[in-house]
Amino acid sequence: MDARLEAIRDTVLARNPGEGEFHQAVTEVFESLGPVHDRHPEFLEGAVLERLCEPERQIIFRVPWADDAGRFQINRGFRVEFNSALGPFKGGLRFHPSVNLGIVKFLGFEQIFKNALTGMPIGGGKGGSDFDPRGRSDAEIMRFCQAFMTELYRHIGEYTDVPAGDIGVGGREIGYLFGQYKRITNRYESGVLTGKGISWGGSLVRPEATGYGTVIFAEEMLKTRGQSFDGQRVVVSGSGNVAINAIAKAQSLGATVVACSDSSGYVVDEAGIDVALLRQIKEVERGRLKDYEARRSAVDYVDGGSVWDLDATVALPCATQNELDGDAAARLVRNGLLAVAEGANMPSTREAVAVFQDAGVLFGPGKAANAGGVATSALEMQQNASRDSWSFAHTEDRLTKIMVGIHDRCAATADEYGDPGNYVLGANIGGFVKVADAMLAQGLI
Ligand code: NDP
């Protein structure tokens with residue numbers, strides 16, 4: 001890392017002790033930015049990096065709610081409003097027991113650059129709670145969401161901060177959150193949340209967008225080597241929103257997705273994952289992946305273990321951060337891997353990224369490859385602002401063009417900075433320069 005940047009990075013780490021994922025995300029971005037600071041000394045003079053690493057506002061709050069047995073439960077809520085240089089803070093809410101301030105800050109930091117890469121007018125933020133939705137009834141989920149919004153409402157708004165979903169937060173939760181916002185504020189403010197239902201201000205393609213976008217990005221990477229998804233053997237981690245839609249899109253392009261996972265294990269289905277069955281189990285019944293095995297022939301369910309033990313030509317990590325380490329990456333490379341596109345945020349450890357890049361594997365980092373979700377959220381905001389609703393085909397076409405644009409911008413930036421094919425460098429520099437220019441133009445704030 002450039003020595004000037006390393007000194008700033010060390011200060012950031014010291015100021016934010018115990019936030020391992022945030023440290024990792026900051027370090028990974030800083031490692032790309034040395035050459036930018038040679039060309040743009042004004043960024044150092046304007047303390048852009050120091051300002052970028054300090055969120056504009058961090059909110060931590062108590063979420064008190066009652067479970068079905070009438071017992072009082074207390075969770076912790078977070079919203080980190082990281083950077084609004086390009087637009088209102090924008091980023092999802094995560095409900096998962098692992099959520100803490102460091103995780104929310106890593107996600108919010110990544111979101112700044114991701115949102116800049118989309119070319120849309122959105123800043124970066126993220127939030128969530130250590131609430132565990134697993135095993136909770138609909139009524140408990142509703143009461144939790146209402147309690148969460150009872151504090152969050154005062155910090156958000158269509159021109160201020162626009163949350164969306166992430167792990168554990170899908171259409172059901174966005175509905176309860178929106179209902180409570182409307183009740184408290186007495187405003188039907190569609191643009192305050194994205195990921196809404198179609199009949200009340202949502203956008204077609206938003207549920208599919210992150211997974212579809214990840215595959216579109218990967219397809220563009222494959223094209224640079226004269227390849228495509230057609231005939232590829234694909235392994236996907238996760239079986240949530242991003243994973244399911246990535247599987248659907250990859251198979252529609254002619255690939256066979258032979259496996260996917262949840263936090264308990266993985267299924268191997270050599271004939272190709274049955275997407276309709278997977279949706280039924282995960283989205284309708286809210287069941288576990290294990291249920292897939294009994295309902296389809298010639299399927300193996302592996303309890304525990306790692307889906308990355310399987311061989312694949314394309315890997316799509318779509319579950320969670322740091323789920324794919326250096327050893328798993330080396331195994332995948334030995335087994336003939338061509339490309340990785342990250343549907344999840346930071347699913348590959350720094351060691352894994354180094355293994356992929358050293359082996360010449362096409363590697364699309366999450367902040368570029370999974371930007372289709374937030375880009376389509378910005379399209380939802382456009383539709384809300386104009387009281388319009390677009391067709392599936394039109395919205396999908398916009399998503400495709402945005403993803404191809406992100407791919408091309410990352411590739412062109414990597415070329416410009418002398419490291420062709422390095423999408424990590426291209427994404428970090430491409431996103432950073434846009435935000436840094438806007439921050440300088442807006443003065444010391
Ligand atoms: P979901 O809650 O719909 O699904 C998450 C999936 O990942 C589930 O299969 C879950 O398994 C698995 N998972 C979660 N945590 C762990 C863990 N600690 N270990 C192993 N498996 C785990 O979330 P999404 O699909 O929305 O999000 C997945 C990833 O994509 C996240 O990194 C998110 O930040 C990222 N992302 C999501 C976007 C979106 O639009 N939704 C946009 C951009 C990025 P289980 O059910 O067993 O917990």
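Here are three short exercises, with worked solutions, on how two domains of this protein chain meet.

The model is predicted, so local features need pLDDT of at least 70 and side-chain atom pairs pLDDT 80 or more, while totals for chains, interfaces and linings use all residues. Residues are numbered from 1 along each chain as its sequence is written, and side-chain values use heavy atoms, leaving out hydrogens and water.

**Exercise 1.** Find the two domains and say how many residues each brings to the contact.

*Solution.* Start with the bounds: domain 1 covers 3-189 and domain 2 covers 209-364 (bounds like these come from an automatic or database domain assignment). Next, the C-alpha centres of the two domains sit 26 Å apart. Now look at the contact (heavy atoms within 4.5 Å): domain 1 brings 15 residues and domain 2 brings 12.

**Exercise 2.** Work out how much area domain 1 and domain 2 bury between them.

*Solution.* Buried area is the accessible area (1.4 Å probe) that two parts lose on being put together, summed over both. Here that comes to about 1100 Å², with 43% of it on carbon and sulfur atoms. Then zoom in on domain 1: Gln24, Phe106 and Arg134 lose the most area to domain 2, together 41% of what that side buries.

**Exercise 3.** Track down the salt bridge across the interface.

*Solution.* You're after a side-chain nitrogen of Lys or Arg within 4 Å of a carboxyl oxygen of Asp or Glu. The rule finds 1 across the interface of domain 1 and domain 2. Glu31 and Arg350 form a salt bridge, and their closest N and O atoms are 2.4 Å apart.
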